[in-house]
Structures are given as C-alpha cells and as structure tokens.
Amino acid sequence: MKVLRKIIEINEEKCDGCGNCVPSCAEGAIEIIDGKAKLVKEIYCDGLGACMGECPQGALKIIEREADDFDEHAVAEHLAQQEKKDKENMPCGCPSTHIQTFIAETPCQCANKPASLTGGASALTHWPIKIRLVPSNAPFLKNADLLVLADCSALAYTALHQDLLVGKVVMMGCPKFDDVPGYIDKFAEIFKMSEIKSITVAIMEVPCCAGLPSIVKKAMEKSGVKIPMTEMVIGAKGNVIGK
C-alpha cells in the first residue's frame, strides 16, 4: 500500500560505493549493487535516516513521497533470509575452510628456500584468512591481537609481514564487494567469544575501503565489547599516509 511518508533517496551520481551506509541500516534496506548503494525495497526503509551520517559524499537524504509503507515483519523475514543465505553460501567442504595453525617462518627457514621463493620470512600463523571463511570460534582467535586487512593493501604494502603481521591474527576482505551485514555479524560473534586484545584495521586510501573501520566499530557496538583499535591508511604506491 502506497502512503505519503519519509524515505531515503540515494543520489547515484554522488555515490562512490564505499558501503558506509550499509551497516548503519539495521533493517538491511541498503545494499551495494554494481558499485552503487541501492534501496533494496521501500518496505525495508523506516525513513529515520540513520544511514545519512555515514555517507562521506552526501549522497543520501530523506525525502517525503508516496512509497510502500514500512513493514516490520517483512524486515524481520528479510534479515532472516540474509542470514540463511550467508550460511548456505559458506563453502564448508572447501579445503580453504579447514583450520590450520602453524609457526611463522624464521629468517633461517626462509634462507633455505630457493631464491625465487624468498622475500623475507612469512609472519602468517594460521589458515584461513578471509573474513567469510574464518569460523567465529577458531582457536587462533582466542586472546589475539587482530589485524583486519583490506584485500588490496596486502599487495600495495610490501612490508606487511614485517611491520603489521608479526604477532597478529589476520582477517582480510573487501568492504565494497563482500557482505557487509555478514561481516558485522561475524566480527560481533568473534568479539563476544574470543576476548580479542587489540584490533588494527589497515585500509587503502581509496573511498571504497573507508567502510571497513566502520564495520568493525559497528560490530563492537553490537557485541557490547570495547577493544582498543588502531586505523592505518596505505597509499596506492604502498606508502603509509595515516595512522
């Protein structure tokens, strides 16, 4: 039923697809589709505008127009379907989901490799590393110093292992193309269960990375757990431009 009411309007010309607005919408009314924020259905938007303050481009505003009435029951079903879909899409039989913990390489071990395979010792101590693949109850998360890493930064920052990864557990992903609500839920579960000691969030300077720190903060709010958090911004040329 169409009614005259307040509802979000998204200016796609201004939107850069950063995804900051997605975790701010508790009803799941906004998704990043083809690199732009989209209103999934009018019935999911309550018109309160909680997402507006998270948009760095000013692409969101509340307007009054005829729209389908807000439906709380539809929202609940929508969120339940999202959660179910996320679980079904987890490739549980894939070897990439098998938990492994191992000792980081030492310089001596690295020296024994062929020259073509050496580039410094690896500080990685566990597998998997993708946010969607790491189980919330993975043993290597317990009492860990957590490094939340935007995918692209791993390639841009050549000193990643030496400067950031030593002594840390890493989880990496892309806040633009991956499942933002799923990320929030995953981190919230981890924060509740694993007694994380500290969090370092490393992102690229590009706008689409800006949503990752927001995701972690939203997860802390959802979990009710406060954890010391440091943010690091890496330039496209691999230089550190902000901490």
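1. Let's start with helix α7, which covers residues 211-223 and so has 13 residues. From its first C-alpha to its last, α7 reaches 18 Å, close to the 18 Å expected at 1.5 Å a residue. Keep in mind while you look at it that this is a predicted model.

2. Which residues of α7 are buried? Here they are: Gly211, Leu212, Pro213, Ser214, Ile215, Val216, Ala219, Met220 and Ser223. Try picking out Leu212, Val216, Ala219 and Ser223 on the screen, since they are among the buried ones. A handy rule goes with this: an α-helix has 3.6 residues a turn, so residues three or four places apart point the same way.

3. What do those buried residues of α7 pack against? The partners are two helices, α1 (21-24) and α6, and three strands, β7, β9 (198-204) and β10 (229-234). Just past the end of α7 sits Gly224, with a positive phi of about 75°.

4. One of those partners, α6, deserves its own look. Helix α6 runs over residues 180-194, 15 residues in total. Its span, first C-alpha to last, is 21 Å, close to the 21 Å expected at 1.5 Å a residue. The buried residues of α6 are Val180, Gly182, Tyr183, Ile184, Lys186, Phe187, Ala188, Ile190, Phe191 and Ser194. Notice that a lysine, Lys186, is on that list of buried residues. After α6 comes Glu195, and its phi is positive, near 50°.

5. Now go to Ser153 in helix α4 (residues 151-156). Is Ser153 buried or exposed? Its relative accessibility is 0%, and buried means under 20%, so Ser153 counts as buried. The side chain of Ser153 reaches the backbone oxygen of Ala150, at 2.5 Å. If you skip the neighbours within four places in sequence, Ser153 is in contact with Ala202, Met204 and Ile234.

6. Leu160 belongs to helix α5 (residues 160-165). It counts as buried because its relative accessibility is 8%. Leaving out neighbours within four places in sequence, Leu160 is in contact with Leu147, Leu149, Ala154 and Leu165. Here's a distance to try yourself: Leu160 and Ser122 are 38 residues apart in sequence, and their C-alphas are 9.6 Å apart in space.

7. Next, a hairpin. Strands β2 and β3 pair in the antiparallel sense over 4 bridges, and Glu31 stands opposite Lys38 in β3. The hairpin has 2 residues between the strands. In the loop between β2 (30-33) and β3 (36-39) you will find Asp34. Asp34 is not a glycine, yet it has a positive phi of about 55°. With 76% relative accessibility, Asp34 counts as exposed, because exposed means over 50%.

8. The loop between β6 (126-127) and β7 (145-150) holds two things to check. First up is Pro128, which is found in this loop. Trp127 and Pro128 are joined by a cis peptide bond, with omega about 5°. Then there is Asn143, which lies in the loop between β6 and β7 as well. Asn143 is not a glycine either, but its phi is positive, near 60°. At 38% relative accessibility, Asn143 counts as partly exposed.

9. How far should you trust the prediction? The mean pLDDT of the protein chain is 86, and 87% of its residues reach 70 or more. Among the elements of the chain, β7 has the highest mean pLDDT (97), while helix α3 (residues 107-111) has the lowest (47). Over residues 107-118 the pLDDT is below 50, and this stretch has 8 contacts in the model beyond near neighbours in sequence.

10. Finally, step back to the whole chain. How many helices and strands are there? The protein chain has 7 helices and 11 strands. Of its 243 residues, 42% count as buried. Take the contacts with a separation of 6 or more: residues 24 or more positions apart account for 71% of them. The protein chain exposes about 13000 Å², and carbon and sulfur atoms supply 54% of that area.

Technical notes:
Residues numbered from 1 in each chain as written. Predicted model: local features only at pLDDT ≥ 70, side-chain atom pairs only at ≥ 80, totals over all residues. Heavy atoms only, no water. Buried < 20%, exposed > 50% of the residue type's maximum accessible area, 1.4 Å probe, protein only. Pairing = 2+ DSSP bridges. Contact = heavy atoms within 4.5 Å. Areas by Shrake-Rupley, 256 points an atom, 1.4 Å probe, with all protein chains shown as cover. pLDDT = per-residue confidence, 0-100. Polar contact = N/O pair within 3.5 Å; in protein donor to acceptor, adjacent residues only side chain to side chain. Expected span 1.5 Å × (residues − 1).
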